[in-house]
Amino acid sequence: MSESTDKLKTAVTAALEEDHQRLADYLKIETVSAQNKGIEETVAFLESAFKELGAEVTVWRDVPGSNPFVFATLPAGPQGNAEKTLLFYNHYDVQPPEPLDEWQTEPFKLTEVAGKYVARGVSDDKGELMLRLSAVKALQRSGGLPCNLKFIVEGEEEIGSRHIPQMTVKHAADLVADGLVWETGGKDADENFAITCGVKGIMSFELTVQTAAVDLHSSLAAYADNAAWRLTRALASLRGPKNEVLVAGFYDDVRSLTPVEQAAVDEMNFNEEQTRKTFGLKAPLVASEPTTALINATTMTINGLTSGYEGDGVKTVLPKFAKAKLDCRLVPNQDPHKLAELIQQQLTANGFSDVKVNYLLGEKPFRSDLTDELVQTAVATAHEVYGNSVKLVPNSAGTGPQAPFDEAIHTPIVAFGSTWSGSGAHAPNENIRVADYKQAGEYTARFIRAFGEG
């Protein structure tokens, strides 16, 4: 390790220790976008945090109906490269903490337990943003920023980032950068540090059917149809026994993996034993090649079913109405609106024209070019910090609003962070390991420096 690198590592450690209270104060705010809680308090907190680093901060409130966007800029230091700009995306909202009785600590109080930081948002995504600000501080104290930095922080990621497309169009000129670092990421079940280069898309929708004007006495099932049975038969017609979607045209636009992407997938591992332990899986896996499926397989998932009487005791009714919530995870070239239309057409073709598709939201998939300089810099720096325990991941299995950024500013995107396979984002006892947090802080600072010098 060179003297400058050692100095930077020491500066990161000092900054993280100094900023521990800031992390605790940030996590203490109950910023639950689904309940419209804590938004303005959080925005004010972030304005102050960025300004303490010398950033120029603007709060964008010009997208109707949206929670505010916090935009901050920091110029390259005297010895830095003012011709290069790196943009960071994060979000300040978190999931609701329920079920509260499953938390072993207070959800909005940062607590250290057995080498882990525990709190709602510590992994997704408040902790990650505070880590990045500490890395910036360390760089400022170690010779100055190596390039220009920009941060865009939204407050609706946990409710679908509905206003990101409008924001990226309106503020494309402000967001222009040579690379974009996405929120979150970390180590997989085999303790490999992942550099992730995209996201799957999503199409969320409802299926509804009504078979009568009122709920009927269940004895009338002798001649009257049942909305619950009607819906479950319709659902069963859309997916086959091998997890395949039986909608005509559903797979037509799926882009095959390139040789570089396939090579990256081949290098990835799927630790089935650890995965089963982490999630308590009890049924057989539905994919013969789970790694490939996570990267480039589309899905159709029933999120929930509602019909008839669901209370205690017995009520013998024949339901008049049934509803199912579903989502599909999409891969490059698939369009959510088109798929919603195809599903409605397939239901009609299957004899279920009375089962209606209600489109709720959609986000397009995105995947960076794995040969891009930004990606390669991220990977090379990761090997310096994490040794050989590094994996290049073409895209995550989850979803985020990366496509609107690509369409607005046409820049490559990478994601990395401080989480681990047991972080439990969205779940009770959400956590990160303290050692991972410190290591990711060092990596973030070294990556920014490498990017500026590249």
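This is a short tour of a predicted model, stop by stop.

**Stop 1: a central strand**

Select residues 201-210, which form strand 10. Nine of its 10 residues are buried. Now add residues 321-330, strand 14. The two strands run antiparallel and are joined by 10 bridges. To see one pairing, pick F205 in strand 10 and its bridge partner L326 in strand 14.

Next, add strand 15, residues 356-363. Strand 15 also pairs with strand 10 in the antiparallel sense, over seven bridges. Here, pick S204 and its bridge partner L361.

**Stop 2: the nonpolar cores**

Select F50, L86, L149, F151, I195 and Y443. These residues have the most contacts inside the largest nonpolar core, which has 69 residues. Keep L86 and show what surrounds this residue. L86 touches C147, N148, L149 and K150, among others. Its contacts also include L374, F447, I448 and F451.

Then move to a second, separate core of 26 residues. Select M203, V245, L330 and A340, which are among its members. In soluble globular proteins, nonpolar side chains tend to be buried together.

**Stop 3: a nonpolar patch outside**

Select F279, L281 and L285. They make a nonpolar surface patch of about 270 Å². F279 lies in helix 9, residues 272-279. Is F279 buried or exposed? F279 counts as exposed because its relative accessible area is 58%, and the cut-off is over 50%.

**Stop 4: salt bridges**

The whole structure holds 23 salt bridges. Side chains of opposite charge can pair when their charged atoms come close.

Start with K187 and D436, whose closest N and O atoms are 3.0 Å apart. K187 sits in the loop between strand 7 and strand 8, and D436 in helix 14; they are 249 residues apart. Both are buried.

Go on to K338 and D253, with closest N and O atoms 2.8 Å apart. This pair also links distant parts of the chain: K338 is in helix 11, and D253 is in the loop between helix 7 and helix 8. K338 is partly exposed, at 35% relative accessible area. D253 is partly exposed too, at 27%.

Now select helix 14, residues 434-453. Within helix 14, R446 and E442 are four residues apart, about one turn of the helix. Their side chains meet in a salt bridge, 3.0 Å from N to O. R446 counts as buried, at 10% relative accessibility, and E442 also counts as buried, at 10%.

Finish with E18, D19, R22, K137 and R141, which are linked in a network of salt bridges.

Note on methods: Residues numbered from 1 in each chain as written. Predicted model: local features only at pLDDT ≥ 70, side-chain atom pairs only at ≥ 80, totals over all residues. Heavy atoms only, no water. Buried < 20%, exposed > 50% of the residue type's maximum accessible area, 1.4 Å probe, protein only. Pairing = 2+ DSSP bridges. Core = buried A, V, L, I, M, F, W, Y, C linked by side-chain atoms within 4.5 Å. Contact = heavy atoms within 4.5 Å. Patch = residues over 30% accessible without salt bridge, like charges linked within 9 Å, V, L, I, M, F, W, Y side chains within 5 Å. Areas by Shrake-Rupley, 256 points an atom, 1.4 Å probe, with all protein chains shown as cover. Salt bridge = Lys/Arg side-chain N within 4 Å of Asp/Glu carboxyl O. Lists of a residue's contacts leave out its neighbours within four places in sequence.
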